[in-house]
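Trainee: Could you take me through this model before I plan my reading of it?
Mentor: Certainly; please have it open in front of you.

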Amino acid sequence: MDLYINATSSISAFDSLQGLHVENADRFTCNEPDYKLIIDPRQLRRMSRIMRMGLASAIKTLEIANVQTPQAVITATGLGCLDDTGNFLVKMCDPDNRMMNPTAFIQSIHNTMGGQIAMHLKSNCYNNTFTQDLLSFEHALLDTIILLEEGSIQSVLLGGIDELTELKHELTSRLFKAQKESDGYYGQGEGSAFFSISGVKSPVKIETLILSQHANHSDIRDYFSNHFALGEKTLVLTGKSGGNSDEAYKLTEQSIGTKSTIAYKKYCGDYPTSCAFATWLASEILTQDVVFDTISQPQHVLIYHAYPDRPHTLIHLSGC
Amino acid sequence: MKVFIAGMGVIAAPGENCAGNLSALLEKRHGIHASSSDIDTLMGDFPVAKIAYTNNELAAKSGVSPSWPRTAMLGVIAAQEAAASSGLDFAKYRTGFISGTTVGGMDSTENFFYDYSKNKSAGHISRIINHECGKISHLIAENIQATDFVTTLNTACSSAANAIAFAARMIKSGRLDIAVAGGTDAITAFTLNGFNTLLLLDDELNKPFDARRKGLNLGEGAGYLVLVSEEIARQNNSRVLAELSGYANASDSFHQTALSDEGNGPYLAMEGAIKMAGLSPNDIGYINLHGTATPNNDLSEGNAILRLFAEKIPALSSTKSFTGHTLGASGGVEAVYSVLALINQTTLPNLRFEIPMPGIELFPETEARKIEIKHVLSNSFGFGGNCCSLLFSKA
């Protein structure tokens with residue numbers, strides 16, 4: 001079955017294709033929109049930052065797709081609602097000042113965004129939340145593909161969301177120090193990107209999703225070789241973070257060779273569902289007439305992730 | 001294409017394996033203890049269904065490192081039992097591990113934060129490296145060698161049920177041959193305090209579906225099924241315990257922490273699972289209720305059942321009266337209980353039920369009763385209005 005990205009919207013540290021400005025940074029914090037223009041201010045007051053980011057990009061995506069109610073809402077988050085989790089934990093662990101707030105607990109659960117989106121849409125739709133650390137978004141995309149292939153529903157709203165908090169930044173920095181993370185590490189990031197996906201023909205087609213089941217990743221290496229042999233204009237987006245874990249890319253580097261490659265995390269920072277940002281970026285590159293990082297108008301974008309001790313993943317999108 | 005259950009494993013407060021849980025259920029021995037002071041010294045007054053083993057004891061039992069989060073240790077014990085009982089050599093097939101959890105490695109993270117809250121440079125930072133829910137699944141999958149596809153769902157208290165449904169879809173779509181699926185959650189101070197701030201804890205033993213119910217008792221545990229494709233069930237003489245004949249997920253879409261009074265999400269989930277199996281509500285012999293014993297859940301679930309089963313109410317009970325609410329694991333623990341009810345052709349008791357809820361004339365089973373059961377429905381509903389029902393049928 002042919003599947004297409006009908007619309008996408010993202011909130012990230014990266015402004016737009018025209019205004020590239022992000023470089024290596026200690027942290028990549030989102031440029032957030034004026035939420036009052038997107039979400040009812042009465043609702044907004046009670047929402048945490050990650051909920052705002054998620055709901056706003058979900059609403060924008062559905063607006064662009066002109067879909068009122070998707071038949072499924074599938075979200076991915078590696079670490080969930082960190083701000084509320086952190087607040088609740090810190091207060092709980094301070095025996096002299098246990099002013100715990102139920103809202104922080106309620107909103108700490110990973111499916112808060114998925115549930116809020118369904119409530120906003122007043123929909124009884126299928127709703128699922130994947131949290132497989134660095135692969136969460138790919139797995140949510142897999143569920144999307146299976147659901148649409150099954151044929152009982154025709155449109156899915158898919159999103160990947162993670163937030164960077166002070167506490168996460170502090171503790172991850174401490175962990176990296178202990179693990180002697182490389183100085184080249186781009187920096188920690190965050191973001192929210194949503195997609196409306198269906199079989200309705202659109203300019204961005206989902207060609208394939210590969211979750212490697214082979215220790216030597218031969219399936220992905222073969223896919224690269226076969227694809228590059230076609231000689232089409234292809235851009236490769238890799239999830240390299242500039243840090244020690246980039247070692248994992250070595251196995252497949254030969255297969256990519258000298259093809260145009262961008263380490264996309266230098267624009268959004270490193271976070272578990274950054275693949276959602278990469279998918280948004282790829283969709284924008286395929287549909288907008290811009291020269292991005294010296295490559296103009298590729299016909300194909302391959303989004304490739306190689307994390308240590310995890311299956312490698314490949315998403316192939318094409319413009320049509 | 002059908003999906004069958006070839007093995008299963010469970011650990012919860014009433015017992016540490018399938019046999020132990022079954023005898024506890026039949027003999028009405030619950031696992032809820034009077035005090036929660038060993039979880040949080042300032043929260044000593046709530047009954048909790050904590051498994052009697054310390055982390056070191058769990059590590060010794062399962063052969064894993066005592067540095068694992070408790071959630072992973074409980075999970076690996078149930079997953080090891082499930083894998084062994086299936087008699088299947090996972091390495092021969094495309095075998096995945098699909099798990100639900102809500103707290104992940106929170107128990108270990110809390111230990112870090114107790115030190116960190118006194119001094120920002122204190123605490124062993126290595127204690128937070130398994131915080132993520134996905135890390136728990138990764139640890140367990142490696143241990144039982146079910147690594148061809150590993151993922152985690154966190155949809156609050158319906159996590160494990162959604163994991164089982166997703167695993168079935170992975171098999172039906174030809175992406176896996178075998179999937180070990182279910183969920184695991186340990187009791188943590190985080191969830192105990194969290195449910196307390198929401199005033200959802202009962203300070204006495206819980207009373208699911210009873211008019212006097214005041215709230216839930218927190219529990220912990222893990223439950224996994226070994227799901228196999230039709231082909232594997234047929235060949236290899238692999239053991240077939242039951243068929244997973246239906247499942248459905250629906251959003252209640254009413255409130256972040258409460259279900260609608262009329263139970264729209266629960267109704268749609270139950271109806272969807274029954275429809276998928278090509279059955280009618282009259283075919284259901286027993287319902288393992290979500291039945292948390294909170295005023296809201298039982299009202300909503302009860303109303304949905306009265307509407308869907310208007311002609312004939314099946315036997316029903318909440319086994320949370322034995323296990324407490326095991327949160328993200330509950331769908332896995334109760335999937336195992338549902339299959340046990342089916343295999344043994346018995347209802348499971350709902351302890352402490354005496355008075356039906358006003359206006360909801362439902363009478364849960366108070367004894368284990370031998371009856372003919374062809375189909376068992378298992379309900380799981382979570383925060384965010386996430387509702388999932390699973391349907392198990394005699395193979």
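Mentor: What follows goes through chain B, the contact between the chains and one proline. This is a predicted model, in which local features need pLDDT of at least 70, side-chain atom pairs count only at pLDDT 80 or more, and totals for chains, interfaces and linings use all residues. Residues are numbered from 1 along each chain as its sequence is written, while chains are lettered from A and ligands numbered from 1 in the order in which they are written.

Trainee: How many helices and strands does chain B have?
Mentor: Chain B has 12 helices and 12 strands; helices (H or I, at least four residues) and strands (E, at least two) are DSSP runs, numbered from the N terminus.

Trainee: What is the radius of gyration of chain B?
Mentor: It is 19 Å for chain B, which agrees with the value near 21 Å for a compact globule of 395 residues. The radius is taken over C-alpha atoms, and the globule rule is 2.2 Å times the number of residues to the power 0.38.

Trainee: Which domains is chain B divided into?
Mentor: They are domain 1 (3-237) and domain 2 (246-393), with bounds from an automatic or database domain assignment. Their centres, taken over C-alpha atoms, are separated by 20 Å.

Trainee: And how many residues are in contact between them?
Mentor: In chain B, 60 residues of domain 1 are in contact with 55 residues of domain 2; contact requires C-beta atoms, placed from the backbone, within 7 Å. On the domain 1 side, α6(B) gives the most, with seven residues. That side divides into 32 nonpolar, 20 polar and eight charged residues. Ala, Val, Leu, Ile, Met, Phe, Trp, Tyr, Cys and Pro count as nonpolar, Asp, Glu, Lys and Arg as charged, and the others, Gly among them, as polar.

Trainee: Changing topic, how many residues does each chain bring to the contact between A and B?
Mentor: Chain B brings 46 residues and chain A brings 46 residues. The side of chain B that touches chain A has 17 nonpolar, 23 polar and six charged residues.

Trainee: Where does Pro272(A) lie?
Mentor: Pro272(A) is in the loop between α10 (265-268) and α11 (274-287) of chain A.

Trainee: Is that proline buried or exposed?
Mentor: Pro272(A) is buried, because 25 other C-beta atoms lie within 10 Å. The cut-offs are 20 or more for buried, 12 or fewer for exposed, and partly exposed in between, with C-beta atoms placed from the backbone.

Trainee: Which residues does it touch?
Mentor: Not counting residues up to four places away in sequence, Pro272(A) touches Gly78(A), Leu79(A), Asp133(A), Leu134(A), Ser136(A) and Asp162(A).

Conventions:
Two residues are in contact if their C-beta atoms, placed from the backbone, lie within 7 Å.
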